[in-house]
Amino acid sequence: MTQRYDVPGLGARLFNSAIRRLAELGVSISGTTALRVRGRATGEPRGGVVNLLSVDGSQYLVSPRGNTQWARNVRAAGVVEVGPRRRRTERRVVEIPDDAKPALLERYIDRWYWQVKGHVGGLSPASTVAERRAAAPSIPVFELVR
């Protein structure tokens, strides 16, 4: 995996914090979902907000900014909690291999490009399969499994 990480600035962190609080209350904005995962170093629960991609009955977490803190925590923990506070469900995660990512990235970018442009490895809705394949190693994708 390529170790790209587009660190969010102060404005993005404040905005994401507000969206996370809404998601924890059950208010989803364009598919946002609250995420909780055990921290790698402290073991303490860490909260975040993600866009939960659904494709053919499966759900995926995509980290468009690259190897973010939450993606590293998910990789280490192997288990996440998703959903609002009162209806949170624990799910196992399986990291998707790079060769399976281009189709998922296409769906993700088609839906949320307006939100993640500039932070998704240089990809856009017009990106070719070859461009998505080249960017795939720098974008962690996890499938939620039962």
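A nonpolar core is a set of buried Ala, Val, Leu, Ile, Met, Phe, Trp, Tyr and Cys residues joined through side-chain atoms within 4.5 Å. The model used here is predicted.

**Exercise 1.** Find which residues have the most contacts inside the largest nonpolar core, and which element gives the most to this core.

Solution.
- The largest nonpolar core has 17 residues. Leu53, Ile139 and Val141 have the most contacts inside it.
- Next, the suppliers. Strand 2 (45-55), strand 3 (58-62) and helix 3 (101-116) each supply at least two residues of this core.
- Helix 3 gives the most, with six residues.
- A further core, of 14 residues, lies apart from this one. Val37, Val50, Leu61 and Val82 are among its members.

**Exercise 2.** List what Ile139 touches, leaving aside neighbours within four places in sequence.

Solution.
- Ile139 is in contact with Arg4, Val62, Ser63, Pro64 and Lys101.
- Leu105, Val120 and Leu123 complete the list for Ile139.

**Exercise 3.** Check the span of helix 1 (residues 10-24), then state what covers its buried residues.

Solution.
- Helix 1 has 15 residues. At 1.5 Å a residue, the expected span is 21 Å.
- The end C-alpha atoms of helix 1 are 21 Å apart, so the two values agree.
- Ser17, Ile19, Ala23 and Glu24 are buried in helix 1. Their cover includes strand 1 (32-38) and strand 2.
- After helix 1 comes Gly26, with a positive phi near 100°.

**Exercise 4.** Locate Val27 and classify its exposure.

Solution.
- Val27 sits in the loop between helix 1 and strand 1.
- Its relative accessibility is 39%, so Val27 counts as partly exposed: the class runs between 20% and 50%.
- With Leu22, Leu25 and Ile29, Val27 makes a nonpolar surface patch of about 320 Å².

Technical notes. Residues are numbered from 1 along each chain as its sequence is written. This is a predicted model: local features need pLDDT of at least 70, side-chain atom pairs count only at pLDDT 80 or more; totals for chains, interfaces and linings use all residues. Side-chain values use heavy atoms; hydrogens and water are left out. Buried means under 20% relative accessible area, exposed over 50%, partly exposed in between (1.4 Å probe, protein chains only). Helices (H or I, at least four residues) and strands (E, at least two) are DSSP runs, numbered from the N terminus. Contact means heavy atoms within 4.5 Å. The expected span of a helix is 1.5 Å times one less than its number of residues. Patches are made of residues with over 30% relative accessible area and no salt bridge: like charges are joined within 9 Å, nonpolar side chains (Val, Leu, Ile, Met, Phe, Trp, Tyr) within 5 Å. Accessible areas come from the Shrake-Rupley method with a 1.4 Å probe; for residues, only the protein chains shown count as cover. A salt bridge is a side-chain nitrogen of Lys or Arg within 4 Å of a carboxyl oxygen of Asp or Glu.
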